[in-house]
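Good morning, colleagues. Please take a moment to look at the structure on the screen before I comment on it.

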Amino acid sequence: MRRFVPDPQKKSSLGPLLLQSLIVLLFCFFGLRLWYLQVYKGDYFARKSLQNRTRQYSVYAPRGLVRDMHGTLLAINEPAYALALVREDCPDIGKTLTAISSWTSVPLDELRESFRRGQKRVKSFDPQIIIPDLTLDLVARIEAHSLYWPGVQIVSKPRRFYPEQGVLSHVLGFVAQANEKDLNEDHSLALGDAVGKQGLEKTLEQTLRGTKGLREVEVDAAGRVLNANILRPPRAGTDLRLSIDLGLQKKISSVMQGKAGAVVVLEPVTGKLRALVSEPTFNENSFVRGISTAEWQGLLSNPLHPLQNRPIQSAYPPGSVFKLVMAGCGLDKGGADPAHTVFCNGGYKLGRSVFRCWKRYGHGKVDMKKSLVESCDVYYYQLGEKLGVDTLSPYARACGFGARTGIDLPHEKSGLVPSRDWKERKYGRRWQGGDTLNMSIGQGYTLVTPLQVARFLGGVLNGGVLLKPSLLETEQPEEQGRLPFSERARNLVVKNMVATVEEARGTARILRTDGVRIGGKTGTAQVVKLMEKYEKKDTEEIPYKYRDHAWMAAFARQEERAYVIVAMIEHGGHGGSDAGPVVKTAIEHLFQTGSAGE
């Protein structure tokens, strides 16, 4: 059988053919890849190449300025500097953070934590804020080293400053660096941004915050800036003009030093607030710079709670100020006749209990006028028992109590107007007659804020309209409701408030001022039932925490100008002697007049 023998010539010609085919295919592949990169994806890679040479950064926008009613600046912006890292340009993050720690004396652990928190939120080629606030000395020291530390940048941005530090801290609030919660809730914020945390800075954040601009910079291989160009200029936030009179605010604050309490000055016709004082106060600039642990702990541990915005966040028993509501309710609901008299012998008996008047031996024969002028409790015990809680509660709520005023400040309290249902839900117990008597003189469960009292009294004076208390000079009056007071009741209450100032036995006679028509109502709100050993003591001899709160609710009018002034001094003692001088100081400043004397 014949064996097949391959032709050696054919075998030798097949190898070069395969090699040539492989080379052709390889060139086709490279050609297609080159076409894909150069033509099909050319624009994309051109942009990427440009980004290696140019970068775009945000330009911080200044917040809107805040002025008082006369144009005096209350919140401004000053230049500030922060330290940032650009991770893409930084060859060794660990060594760089160690160097920064040595320059600034900031603990290395804090820097590492700051870097870790922001790493996921900031792109590698964007500046990541590590230290939000630098002194000029630190800026100079860091700039001297930055040439040898690629990726380290000094970022310039505006910083909030409050020239009157402390005087308006509860009204203005403050700004501070945005935290994790802020960043999650508002995606327009970036790490290192400042946002409003309290006061108007918080509630009007979107108005005050500006819009960031955009800057394009050309950098070299080490990340150093060679050239810069503004693509979009930043737009500053909207400026605000407050209704607050800075001079009045400072005057009231000065006489409130050493006291804890609140003062409200309101125009009854417009609802504009001319002063809103809460004492003690705090330095809001400390929060802007970054408050120290020691300072923060000092504020938290202060027994007078300086962070509390007392005009809106503290609710107190109204004491005898509530008798104004009682008088209106009695006149309108048929429970009281102005000429009807009761006899006050210093106490009122209900069952086996005796409810005492503040005047131990009584006021004698008392009509409605005398009940307000001399603040007789027995008159209102009897009136309250006659009206009943089912009449008093809805009437008080219609006067604006038990509901927020709607002021543009955060964390406002609503206070409390009790009722039968409320007590049953809260304590699982029935309403008692003694509860009604306590409510009738502003004690018991009833709680009000100083601003609620001012809004109510403003309604008594302006024709019965409850207006939203406003902090903005340009804001138009906003009607929230109407008082249940009849015109007769309003006029009688106002007339008797004037008598409380002008008559010799009036409890608000300290307010008398020549040339100004003034009406007032004092109030002493019991904090606790005093132990027998303290009952006959002077205020100064009673431990601070046991002393009564002191109220003075007043109005002052001269021609077309009218104001409501409400002062509440915590543990002050007595309305006339302790809250009265504060209100008198406000009146004298408003009308530029001296004391008339008694």
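Helix α16 passes helix α19 in a right-handed crossing. I should say at once that this is a predicted model. Helix α16 covers residues 377-387 and helix α19 covers residues 433-440. The two pack at an angle of about 125°, and their axes are 8 Å apart. How are α16 and α19 oriented to each other? Angles over 145 degrees would count as roughly antiparallel and 65 to 115 as roughly perpendicular; α16 and α19 are therefore oblique to each other. As for the residues involved, α16 contributes Tyr380, Tyr381, Gly384 and Glu385. These meet Thr436, Leu437 and Ser440 in α19.

I turn now to the strands. Strands of a sheet pair through backbone hydrogen bonds, either parallel or antiparallel. Here, 5 strands form an open sheet, and their pairing is antiparallel. In what order do the strands stand? The order is β12-β11-β21-β20-β19. At the edges we find β12, residues 273-279, and β19, residues 517-525. Each of these has a single partner strand, so one side of each is left without a neighbour in the sheet. On average, neighbouring strands of this sheet are turned by 5° against each other, direction ignored.

Within the sheet, strand β20, residues 549-558, pairs with strand β21, residues 561-569, in the antiparallel sense over 9 bridges. In this pairing, Arg557 stands opposite Ala562 in β21. Helix α10, residues 246-255, packs on the sheet and touches β11, residues 261-266, as well as β12. The direction of α10 makes about 30° with that of β12. Helix α21, residues 487-502, lies across β19 and β20 and runs at about 80° to β19.

A separate strand pair also deserves attention. Strand β14, residues 347-350, and strand β15, residues 353-356, run antiparallel and are joined by 4 bridges. Tyr348 stands opposite Phe355 in β15. With 2 residues between them, β14 and β15 form a hairpin. Which residue in the turn has a positive phi? That residue is Gly351, with a phi of about 65°.

Finally, I come to the aromatic residues. How many aromatic pairs does the structure hold? There are 17. One aromatic cluster is formed by Phe174, Phe282, Phe287 and Trp296. An aromatic ring also takes part in another arrangement: Lys157 lies over the face of Tyr60, at 5.5 Å from the ring centre.

Thank you for your attention.

Methods. Residues numbered from 1 in each chain as written. Predicted model: local features only at pLDDT ≥ 70, side-chain atom pairs only at ≥ 80, totals over all residues. Heavy atoms only, no water. Pairing = 2+ DSSP bridges. Axes fitted to C-alpha atoms, helices over the stretch in contact; angles between N-to-C directions. Contact = heavy atoms within 4.5 Å. Phe/Tyr/Trp six-rings, centres within 6.5 Å; stacked < 30°, edge-to-face > 60°. Lys NZ or Arg CZ within 6 Å of the ring centre and 35° of its normal. Parallel < 35°, antiparallel > 145°, perpendicular 65-115°, else oblique. Left-handed = near helix turned anticlockwise from the far one by under 90°.
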